Amino acid sequence: RYIVVSGGYDENDKVLSTVEILDTTTNEWTMMPNTMQEVRAYHGAVTLNQTDIYVAGGWKTNTCEKISLYQLDPSPYGAGTLGPSLTNDLATGEDFLGIANDARALAQVIALKVLLAPYLLGIIAGWGRGKSFVMEQIFNFLKEYQKINLTNPNTKADFSYCGHIYCVWFDCWTYAKGDLWASLMHQILVNLNDQLSMEKIIGHDLLMEGVSTIEIAQKYDSPNKQEYLKKIFQDDEMREKIETLQA
C-alpha cells in the first residue's frame with residue numbers, strides 16, 4: 001500500500017535528503033519530518049522491518065560508499081504494509097508516467113522507410129530522469145514492428161517500416177576508461193554480426209512471418225547459444241513445430 005521514496009534530485013538538479021511516502025490507495029504524498037543523514041541519489045534501499053530502512057551507495061557530489069539507517073515512524077501505517085524490498089534505478093518496469101505513446105511515436109519515426117539517413121535522435125536529461133527507460137520502450141516497439149506478419153502481399157505493400165531493423169545497445173559508462181570510439185565500433189560490429197547471423201539461421205520465410213531478430217539476438221547472446229539455436233532450426237521436425245506456432 002505504501003511506497004517510500006528517499007533522496008533523488010529536485011527540479012534544479014539539487015541532491016536531496018528528503019523522505020516521502022505515497023499512499024497508493026489515495027494517491028497522496030506525505031513528507032516525513034525527519035530526513036536521511038545525508039543527501040543521496042541513485043542509491044539502493046531495503047526495509048528489514050516496519051521501522052528500519054537501510055540506505056546504501058548512491059551519489060552526492062561524488063560516489064557515496066556509506067550505508068546509513070533511516071528509522072521510519074510506523075504508527076500511521078498498518079503492520080505488514082512495508083515489506084522487504086530492494087530498489088534501484090532500472091530501465092525496465094511498469095510505465096507509471098505514461099510515456100509509452102511518446103516512445104511509440106519515436107520508434108515509428110526511426111523505423112520509417114522514407115526516413116533518409118543519416119538521422120540523429122537525442123534523448124537529453126539528467127541522471128535518473130528516465131532516458132534508459134525511454135530507450136528500452138523504443139527498443140520494445142521496434143521489436144513489435146519486426147513481429148508483424150508480412151506474408152500477406154497487401155500487408156507487405158502497406159508496410160511503412162524498414163524490413164530489416166538492426167539495433168545496437170552501447171553503454172558508454174562501461175567503456176569510459178578505455179578507448180571509447182574503438183569500443184563503440186567493436187560493439188556495432190558485434191551486434192550487427194549477431195543479428196545478421198540470426199537472420200541467416202532463422203531464414204527468410206520465418207522472418208516474413210514475424211520473428212524478431214532483435215529479440216532472439218538478445219536471448220541467444222553467446223556463440224554457444226547461437227550454435228544451439230542453429231541446430232534447432234536445422235532440425236526439420238523442430239522447424240515445423242516453430243512454423244506451426246507462428247501460424
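## Salt bridges

By the distance rule used here, a side-chain nitrogen of Lys or Arg within 4 Å of a carboxyl oxygen of Asp or Glu, the count is two salt bridges. Keep in mind that this is a predicted model. As background, side chains of opposite charge can pair when their charged atoms come close.

One of the two joins Glu-38 and Arg-40, with 3.0 Å from N to O. Both partners are tucked away: Glu-38 is buried, and Arg-40 is buried too.

## The bridge between H1 and H2

The other pair is Glu-144 with Arg-104, where the closest N and O atoms sit 3.6 Å apart. This pair links distant parts of the chain, 40 residues apart: Glu-144 belongs to helix H2 (residues 131-146), and Arg-104 to helix H1 (residues 100-111).

So are these two partners buried or exposed? Neither label fits, because buried means under 20% relative accessible area and exposed means over 50%. Glu-144 has a relative accessible area of 39%, so that residue is partly exposed. Arg-104 comes in at 30%, so it lands in the partly exposed class as well.

## A closer look at H1

How does the span of H1 square with its twelve residues? At 1.5 Å a residue, the helix should cover 16 Å, and its end C-alpha atoms are indeed 16 Å apart, so the two values agree.

H1 also has a buried side. Ala-103, Ala-107 and Ala-111 are buried in this helix. They cover an arc of only 65° around the axis, so they lie on the same side of H1. Turned away from that buried side is a face carrying the exposed residues Asn-101 and Asp-102.

And what covers the buried residues of H1? The cover includes H2, the helix that also holds Glu-144, the salt-bridge partner of Arg-104 in H1. That gives this helix pair two links to look at in the model: the cover over the buried residues of H1, and the salt bridge between Glu-144 and Arg-104.

## The chain as a whole

Zooming out, the protein chain has eight helices and seven strands. It runs to 247 residues, of which 31% count as buried.

Contacts tell a bit about how the chain comes together. Taking those with a separation of 6 or more, 54% are between residues 24 or more positions apart. As for the outside, the accessible surface of the protein chain is about 16,300 Å², and carbon and sulfur atoms account for 55% of that.

Key
Residues are numbered from 1 along each chain as its sequence is written. This is a predicted model: local features need pLDDT of at least 70, side-chain atom pairs count only at pLDDT 80 or more; totals for chains, interfaces and linings use all residues. Side-chain values use heavy atoms; hydrogens and water are left out. Buried means under 20% relative accessible area, exposed over 50%, partly exposed in between (1.4 Å probe, protein chains only). Helices (H or I, at least four residues) and strands (E, at least two) are DSSP runs, numbered from the N terminus. Contact means heavy atoms within 4.5 Å. Accessible areas come from the Shrake-Rupley method with a 1.4 Å probe; for residues, only the protein chains shown count as cover. The expected span of a helix is 1.5 Å times one less than its number of residues. The arc is that of the directions from the helix axis to the C-beta atoms.
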